[in-house]
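The following exercises are intended for a reader who meets this structure for the first time. Each task is followed by a solution in steps.

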Amino acid sequence: MSISVAFLAKVIIVLLLILLLLSIYTVIQQLRETDEKSKISRYIEENQTKWYEYFTGDDSLPQGLIPENDLEIQGIEEIFLSYIQNLSDRNIIGKIKDFSNRYLAAYYFKLLKHRKWSIRMNAIYRISDFQIDSLVDRLLKEAQLWKRTKITQDVHFQLLAIHAQFRPEIFIEKLLAEPMQHSEYEYKLLLIGIDSPVLNRLAQKMDKLPAEGRHSLIEVMGIRRDPDFLLFLEGNLHHEEAEIRIKSLRAIASIAMVTELGKYEHFLRSPLWVERLMIVKLLRILPADERYPYLETLLEDENWQVRDQAASLIANNGMESLVIS
Amino acid sequence: MSTIIDRIMFFFAVFIFIYTCLAILTYTFMLVSAFVNLRREYHLDKRELDEKYIDDFYAKPISIIVPAYNEASGIVDSVRSLLSLRYPQTELIVVNDGSTDQTHEILIKQFQMEKINRGINQQINTQVVKAIYRSEIHHNLYLIDKENGGKADALNAGINLSRFPYFCSIDGDSVLDEKSLLRVMKPIISSDEKVIAAGGNIRIANGTSVHLGSVDYPIDLSNNVLVVMQRIEYVRAFIMGRVALSRFNLMLIISGAFSVFSKKWVIKVGGYSVGMIGEDMELVVKLQRYVKEEKLDKRIEFVSDPICYTEVPEKLSDLRKQRRRWHQGLVDTLWKHKKMIFNPKYGKIGLISLPYFLLIECFGPVIELGGYFYLIIAYFFGQVYVEFALIFVLLFILYGSIFSAASIILESWTMNTYTKPKDFLKLMLMSLSETFWYRPLTLFWRCEGFISSLRKNSDWGSMTRQGFKREGEAE
């Protein structure tokens, strides 16, 4: 064996020394972090009542609440987050927004330039949480510099979310221009907060979106239940992609409105059972006597789920029409 | 004669040396990979993600299945912790697998459970279900009382009763952190269900107080040296091992103590295999096998921040039983799926993951223990062999103690573990002692497991539960 005991012993000693140094460093770091956490806790304890009084009262901001150092800002951050996550009072959210734009923007801009990815991400989260619109341009400019190195999937998504929140006028352009792929879930997160006119504009360019984006767009329309989307959704009923047709049917069933029943009749003979099932769901919006002839056909369907849903729709609210027919 | 002995001794020396060097290289790669992955997210505020995932619009409902066999001392805390989880829609199914203690009675009394008539979709065959109960105070809490059939059978019975598309299996003696379910579901939701199973991180909480179903912080390090050594082992296995394997979609184990599965895929592979000891590992291997055979784009992931607290053995006899059982489970699973090993048809799983488990995890104890015997024999054979033996001692220190100590540092740097500086130093010192007493012991027990596997022993392998210290609990 070419390796010697002395050599290995030296390696072990060096590694042990490194471990010793790292241990000392870790303990010092832990003590420092514990100290910082206790200072932040103390700030919250001493000032949370003052913040409550400021948020709920009509008085102007007391001088004592303006932060003097980073630890106080971190304390304020905790207080603000607890309000944002638990309340939706416009007045309080407005005060948080004003304060953050005035006193916290410089701190978060500093974090945006931090070398650590996680700290930069936290800064982007806070810009969104506290609606620090004064920082958005600087954030987007800064992000151009990140692109020169390597922009991660998470950063890319968060930047799109910032566009959706603060720059809806260029959001569609950004969404279509950026090549990075996101999951259906992520597209849903992005689109759920977008205003209906912007969604309708995006719908006109749906084919430029990847499959995940197209599916989410239609799902979000169903969740919104806005009749403004009806024409677009009905326009998809002959789309070549089955998933688009099915999701559009589901969204229409959720909006609970149709322009003309004839547009849907061909689905009664669809080779896809899910499409026939969606028609059963859609028939709920018709009066019992109008829907019965269709349900009668679907009761003979080859798929048990379609038959089951059709039967339960008749059973739930169909006795009268059954008698009439 | 002496030449033959010399050659045999030399052969074993070279063999053990090469093997240990390869294992050290593998662990080094895993340590570096885990460091890069975890350190990146250290400062990230994960509350942001929790808030996004909490809306039931996005979240997928989960059936939580708790198999219980003689878990009377810990089951109430476990159920309470599960009832207090932050997750929009869950149902909790406790499966009493023919316990001979008071598990059944305690649950009925504590949660005011009443017998109900609810149909079971028998998608997987199980032992006879005697009765189904539902809690009068928590309407999403169910109890299945069934005849004893083993842990796998109990989990299958829970799957049959479950209504939701995902199920989470949790051991009866475990307590979950309130955000655990949200965080373990994150990769499943955000990947549009490409992730079909995810496992969380397991932490040791012997002696920890549980207050109304939640673990009290900070968690003190146990005074029991066996518990301390297991804490080090868990950190090494979860932080160093699984993070790296998960990163490259090489997962073959997600802990049976806390994992989430997509029910559809589990039913497709026939559920948990009854009669096998390592049913949790075997299920993951079966899923990976199915994914590769059907050429599906699916993943199985380990998520490091959802935390599940569990009790570990405090006595040598219990620890020995556990380690024998675990190793037997590993050997049985590898044997059952031997067709996949070194088979390019199974991609990275067949060419990297399974060979790693076979050579490092399965045969490792036999070879390592052989190394320890070599040290003893070398002592009697004189100068040359003593030098070999010294090299082995140093390699074993590197392989055992140094990596364990490095894992403890890695954990402190990357996770909010609430470890006090005093406890951290204690863990560091104890990890350095690992090579000299704890590792040989566990190696010996794992070798026993190897032998048991050949003899096909199987049981639930019960251990003496201390139960968490309970506060605020109505008697």
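**Exercise 1. A salt bridge in chain B**

Which residue does the side chain of R231(B) meet in a salt bridge?

*Solution.* The model is predicted, and the distances used here are computed from it.
Step 1. The partner is E411(B), with 3.2 Å from N to O. A salt bridge requires these atoms to lie within 4 Å.
Step 2. R231(B) belongs to helix α7 (residues 225-247) of chain B and E411(B) to helix α13 (residues 383-414) of chain B, so the salt bridge ties together parts that are 180 residues apart in sequence.
Step 3. R231(B) and E411(B) are both buried.

**Exercise 2. Two further salt bridges**

Determine where the partners of the E361(B)–R446(B) salt bridge lie, and treat K113(A) and E142(A) likewise.

*Solution.*
Step 1. In the salt bridge between E361(B) and R446(B), the closest N and O atoms are 3.7 Å apart.
Step 2. E361(B) is in helix α11 (residues 347-362) of chain B, while R446(B) is in helix α15 (residues 438-455) of chain B, so this pair ties together parts 85 residues apart in sequence. Both E361(B) and R446(B) are buried.
Step 3. For K113(A) and E142(A), the closest N and O atoms of the salt bridge are 3.3 Å apart. K113(A) sits in the loop between α3 (90-112) and α4 (117-129) of chain A, and E142(A) in helix α5 (residues 136-148) of chain A, 29 residues apart.
Step 4. Buried means under 20% relative accessible area, exposed over 50%, and partly exposed in between. K113(A) is partly exposed because its relative accessibility is 49%. E142(A) is buried because its relative accessible area is 9%.
Step 5. Salt bridges number 39 over all chains. One network of them links E77(A), R126(A), D129(A) and D45(B).

**Exercise 3. The sheet of chain B**

In what order do the 10 strands of the open sheet in chain B stand, and which strands are at its edges?

*Solution.*
Step 1. The order is β3-β4-β5-β2-β1-β6-β11-β8-β12-β7, with mixed pairing.
Step 2. The edges are β3 (113-116) and β7 (175-176) of chain B; each has a single partner strand, so one side of each lacks a neighbour in the sheet.
Step 3. An antiparallel pair is formed by β4 (residues 129-135) and β5 (residues 141-146) of chain B, joined by five bridges. In this pair, R134(B) stands opposite Y142(B).
Step 4. Helix α5 (residues 151-161) of chain B packs on the sheet, where it touches β1 (62-68), β2 (90-97), β4, β5 and β6 (166-170) of chain B. The direction of this helix makes about 145 degrees with that of β2(B).
Step 5. Helix α6 (residues 180-190) of chain B lies across several strands, including β8 (195-204), β11 (258-262) and β12 (299-310) of chain B, and runs at about 175 degrees to β12(B).

**Exercise 4. Strand β1 of chain B**

How many of the seven residues of β1(B) are buried, and which residues are on each side?

*Solution.*
Step 1. Seven of the seven are buried, so β1(B) is largely enclosed by the rest of the structure.
Step 2. In a regular strand, side chains alternate between the two faces of the sheet.
Step 3. One side of β1(B) carries I62(B), I64(B), V66(B) and A68(B), and the other S63(B), I65(B) and P67(B); both faces are covered.
Step 4. β1(B) pairs with β2(B) in the parallel sense over seven bridges, and I64(B) stands opposite L92(B) in β2(B).

**Exercise 5. Aromatic rings in chain A**

Describe the aromatic pair F55(A)–F80(A) and its surroundings.

*Solution.*
Step 1. The ring centres are 5.8 Å apart, with 50 degrees between the planes, and the pair is tilted.
Step 2. F55(A) is in helix α1 (residues 5-56) of chain A and F80(A) in helix α2 (residues 70-86) of chain A, 25 residues apart.
Step 3. F55(A) is buried at 1% relative accessibility, and F80(A) is buried at 0%.
Step 4. The aromatic cluster that contains F55(A) and F80(A) also includes W51(A), Y54(A) and F130(A). Over the ring of Y54(A) sits the charged end of K95(A), 4.8 Å from the ring centre.

Terms used
Residues numbered from 1 in each chain as written. Chains lettered and ligands numbered in written order. Predicted model: local features only at pLDDT ≥ 70, side-chain atom pairs only at ≥ 80, totals over all residues. Heavy atoms only, no water. Helix = DSSP H or I, 4+ residues; strand = E, 2+ residues; numbered from the N terminus. Buried < 20%, exposed > 50% of the residue type's maximum accessible area, 1.4 Å probe, protein only. Pairing = 2+ DSSP bridges. Contact = heavy atoms within 4.5 Å. Axes fitted to C-alpha atoms, helices over the stretch in contact; angles between N-to-C directions. Phe/Tyr/Trp six-rings, centres within 6.5 Å; stacked < 30°, edge-to-face > 60°. Lys NZ or Arg CZ within 6 Å of the ring centre and 35° of its normal.
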